[in-house]
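Student: I would like to go through this structure and ask what lies behind the labels. Please set each value against its definition.

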Amino acid sequence: MKRVALEAYERQDVPFERVVEELAPRRSLNTTPVFQVAFAFQNAPKEAAPAGGLEVEPLDAGELRVRYDLELHAWDEAGQIGMNWLYNRDLFDHGRMERMARQYLRVLEEAAAEPARAVGRIELLCEEERGRILDDWNETARELPATTLAEMFERQAAQTPAAPALVYDGQELSYAELNGRANRLARQLRRMGVGPEVPVGLLLERSPDMVVSLLAVLKAGGAYVPLDPEYPRERLSFMLEDAGASVLLTQQHLLELVRESTARVFRIDAEREEVARQSDENLEGGAGPENLAYVIYTSGSTGRPNGVLMHHSGACNLVEQGRALLGLGRQSRVPHLSSFSFDASVLELFAALGSGACLYLTGREQRLSPGHVNELARRERLTAAVLLPAWMRALDERQWESLEVLTSGAERLSADLALRWGRGRRLLNVYGPTEAAVFSTWHEFDAGEAAGRAEGRHDPLIGRPVWNTRVYVLDAGLRPAPIGVAGELYIAGAGLARGYLNRPGLTAERFVPDPFGRPGTRMYRTGDLARWHDDGNLEYLGRNDQQVKIRGFRVEPGEIEAALRAHPAVREALVVPRHDASGETRLAAYVVQDGLYRGDAEGAPATEGQSEYVSRWRELFDEVQSRTTPAHDETFNISGWDSSYTGRPIPAEEMREWVDSTVERIASLRPSSVLEIGCGTGLLLFRVAPGRARYCATDFSARTLERLRRQVEEAGAGLPPVTLLQRTADDFEGIDEGSFDAVVINSVVQYFPGVDYLLRVLEGAARAAKPGGFVFVGDVRSLPLLEAFHASVLLSKAAPSLSRAQFAAQVRGGVSAEEELVVDPAFFDALKRHLPRVGLAEVRLKRGRHHNELTRFRYDVFLRVGPEETQTPPPPEVDWREQGLTPAALRRLLEETSPRSLRVAGVPDARLRAEMKTLEWMAGAGGPDSVGEFRDGLQQLLREEPGVDPELFWSLGDELPYDVDVSWSGAGAGGRYDVVLRRRPTSIEGAFGGVALHASEGAAAVRPWAAYANDPLRGNLTRRLAASLGRHLRERLPEYMVPSAFVALESLPLTPSGKVDTRALPPPDQTRPETGGAYVPPRGPVEEVLAELWAGVLGLERVGAHDSFFDLGGHSLLATQLISRVRGLFRVEPPLRWLFEAKTVAEFAQALVADEPRPGQTAKVAAAFQKVKAMRRGDGKDSARQSRD
């Protein structure tokens, strides 16, 4: 400290403004630059100096105004040190400042008394405060009977034998029946050698058998080891082996999961008769209070789970406290929603069954359905529940009117969630690790407190210790932290586990001697941060072991998460460190967006968002056209049609097939006059218009229409009169009703801002069509196949090491962030209730022999305008799978029987077989766990189940006298399709336009329009959210604490126990983040080279001309790397401050050119660099890597 102070004194005359200029920190109106806490020793004499006979005296300036967050001024006055504390009242209250002043005074006193003592060993607490923290707030002693979990249940069964104990799927077990069944199974287990300290594995579905088996193990004296059937097989095998379970209770259909286990297996569903022969009386000689009750496995930092050993006395202490807090009795009705492998199930199960309450058990599928759980709460009028915050967010509290008391724990309970659920009932927020018997502290608060904390964005407190429990907040030296000061939370007392099974080293590390308890007692080191409040309640602050270092600074992600949750758009937040390709640690923020958020705090009208969305697409198309060189055949301009898989143009051959099949479908209906909405570059116009009497085409891009108008004029007599109008798709001004035979809306629906916009367009289109005419809606992206599409694209790009969970999370993120409108085919079936002019709707799969995103995930729709035609009887149906059909067998059937019509149902789609297998793998638990392993085996799966290309049926119709219609089976998500074949009529009489159309069968239940499509505005908003969050954090946190990447998720991935699964988080996207402005490509060789250098340093795929280096995640150290690369390439010496002044590529390029030693030098260097890069690309080298190196 002395050396630092002396060095500072040497530079004390440097003006503060110069320091700010040199450091160039990001400026904010909320904080002063460089530092926010100041200490000043005022050593100037206070006595007034003579001034020519004038009298000088101090002037009282009244209340002082604070310049920094905190200031301490000290001065020497008559041999004493006086001090004055100035503080920002928005950040500190008076009580906290008084405490800080007392503690600072204590530091000075001890330092003066013992100058050699290390600063870190100075005691901040006085005896009075130490006594409050260690003793007064830990007075929790409560005398409880020495008992076991089994004995607690047996006592209750004796008191209320006829009362309902367990309800499951309509069946009810009384306490006597449940006790009897458990006793019979316990006797069977005794015969198998189960007794005290013997672990027994329980691999069972959620059912009464699960509860009976758990009680039976405890009655036999053993310790149960819950094994969730949803766990991977490898994890289950490890747990069984690690626990040393000699007996395994399971069910027949689950044996496959543990086929390698050496434990003695007892199938309770197959051995019921043997168990039924046992006595149903209570057993004698079971376990004692200090014997093992259960072994529950928790996630371990080493990658393998750790088994926590809990004894009966600790578990019973929890249950007794839980019964008292919940106020359970014979009239209570409690749901069991937690996984049996999660320690919260101990509280749910035994607090209910030890109180005479009725426990409502849900099956695996029902437990995961918020709708089912809400209905259960409403129907059964549940009175008490234990809900994790994740569940509280998903459930509807309005369906829980009968709930009297709610306990929440296991993860942070947010203030807004507490406010939602806290009205009209008792709400308990509990805290505690599995190592301390489920929960160790509790706090009850009312709606008023919750509302106050929600307004201040503070999360609820975790309260005080439970019975027979002591909690400590300690510093790194195991000394009690003062009130209001953060420290690590330690737990001691009756609920402490023995330790970790087979982990003596980890047990010794986490279960340490209690320096404040009786000799020989231990305390558990939680790794959580907390602090005491003045009233003796604890506040949870986050994890201690997540602390990371970013560029030398220690960072607590919890602090950043709290700041993110203060943003109105954020419902949940998680910040984790990630390592980029260079090995640097960067922060990534994962946020779950508030569903009601639609922009900045003040909001904006929905129509404003729609207009902005349409304008964005118009700007993009104009930009594409402006950069497109004229093609050899300008009537076949396919610029902008890029593959989602490769980013490169879709091959011309595939595009030509797509155009030809679309034109064939439109032309087959023989329209005389056509209105095309969104004509683009004229791909359809030049092919459909010939032979028509009139053609009108609209588009919103002036630049596109200008080019198209020249082409139409050059075509001359080959076209009918063509009218070109610039307008948006929903603008039908000047178009008379019933003036066109056909209205064509091809490959533009995906650019609409929402389903309500689509409805407006279709309403105008139906009005413009003549009665008997049609609306052709082509190339519509399918909502039921949206997940399959994103899975397919990601599978083609993902790194082989990407795990299944990460793959699934990225797919979900892609679906959530989808910025194009994707529509359910069922929307068009439901359209008639909104547009009575539409009499018939037919959905058809896209034709094409090429399997690409256009043929696999899109469809066409024919809308007949006019009265609904009389429905013909449905054709006879054959099922492809049940009949074992093949293409050859179907041909024989048609040739030999010549049916008038035939429906072939459930044909596996060869186009989508890979996607369906990918979705199965993504959602399953078996098979390979990485993308690379799955890709390696995918081709074999496809060879085993190849599917049938729908093009085969259309070809069959060309060869035989049948018209063929192909549409998806059911909802269109299962990778199967139906084929309707009708004998071709000898004349077109009675046929619509020469083609037999059919209506979809089976009217679905009416749904809101929003349910038929995604919300592209929400996807756009999600991408823009990153820029908003970055600005939000920069206003509140130092620059180094602002994450370099923001990832929006539908929900945070959870483990089976309901906690956040950080390993399943998707890696941040390397595409350019939204910065609040549209992407503008770099212009000219200098900007292009600079943009590539920036992308290399920042780890992004592209950087625009107007993108700010710092908004894209750059920081001071990365800035030095970038300047070094610029110097090396351009042979110039730009100072680092340039990057802080000229933050965008365009600004930096201007500064570089303005300072070049010889005119034109910079542009020449850039052009030469691009030539070398092109040569490397031609040699097959990785130009991107070369330029970034």
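Student: Why is Glu110 called buried?

Tutor: Glu110 has a relative accessible area of 15%. Buried means under 20% relative accessible area, exposed means over 50%, and partly exposed lies in between, with a 1.4 Å probe and protein chains only. Glu110 is therefore buried, because its 15% falls in the buried class.

Student: What kind of model is this, and how are residues numbered?

Tutor: This is a predicted model, in which local features need pLDDT of at least 70 and side-chain atom pairs count only at pLDDT 80 or more, while totals for chains, interfaces and linings use all residues. Residues are numbered from 1 along each chain as its sequence is written, and side-chain values use heavy atoms, with hydrogens and water left out.

Student: What makes Arg117 and Glu110 a salt bridge?

Tutor: Their side chains meet at 2.2 Å, N to O. A salt bridge is a side-chain nitrogen of Lys or Arg within 4 Å of a carboxyl oxygen of Asp or Glu, so the pair qualifies. Arg117 is partly exposed, with a relative accessible area of 28%.

Student: Why does the pair Arg267 and Glu271 count as a salt bridge?

Tutor: The N to O distance is 3.6 Å, so the pair meets the salt-bridge definition. Arg267 is partly exposed at 28% relative accessibility, and Glu271 is partly exposed at 21%.

Student: Which parts of the chain does the salt bridge of Arg420 and Glu397 link?

Tutor: The side chains of Arg420 and Glu397 meet at 2.9 Å, N to O. Arg420 is in helix H15 (residues 415–422), and Glu397 is in the loop between helix H14 (389–394) and strand E15 (405–408), 23 residues apart. Helices (H or I, at least four residues) and strands (E, at least two) are DSSP runs, numbered from the N terminus. Arg420 is partly exposed, with a relative accessible area of 31%.

Student: How many salt bridges are found in the whole structure?

Tutor: The search finds 48 salt bridges. Arg665, Asp779, Lys846, Arg858 and Asp860 are linked in a network of salt bridges.

Student: Why is strand E37 described as largely enclosed by the rest of the structure?

Tutor: Strand E37 (residues 901–908) is largely enclosed because 8 of its 8 residues are buried. Strand E36 (residues 877–879) runs parallel to E37 and is joined to it by 3 bridges. Two strands pair if DSSP finds at least two bridges between them, so E36 and E37 pair. Glu877 has Arg903 in E37 as its bridge partner.

Student: What makes helix H11 mostly covered?

Tutor: In H11 (residues 344–353), 10 of the 10 residues are buried. Among them are Glu348 and Phe350.

Student: How do you know that strands E4 and E5 pair?

Tutor: Strand E4 (residues 164–168) and strand E5 (residues 171–174) run antiparallel and are joined by 4 bridges, so they satisfy the pairing rule. Tyr168 has Gln171 in E5 as its bridge partner. The hairpin has 2 residues between the strands, and Asp169 takes a positive phi near 50°.

Student: Which strands are the edges of the open sheet with the order E27-E28-E40?

Tutor: This open sheet of 3 strands has mixed pairing. Its edge strands are E27 (570–579) and E40 (1045–1049), each pairing on one side only. The twist averages 25° from one strand to the next; axes are lines fitted to C-alpha atoms, for helices over the stretch in contact, and angles run from 0 to 180 degrees between N-to-C directions. Strand E28 (residues 585–593) pairs with E40 in the parallel sense over 5 bridges, and Val592 has Leu1049 in E40 as its bridge partner. Helix H18 (residues 557–565) lies across E27, E28 and E40, at about 145° to E27.

Student: Why is Phe41 called partly exposed?

Tutor: Its relative accessible area is 42%, so Phe41 lies between the buried and exposed classes. Phe41 is found in strand E1.

Conventions. Contact means heavy atoms within 4.5 Å.
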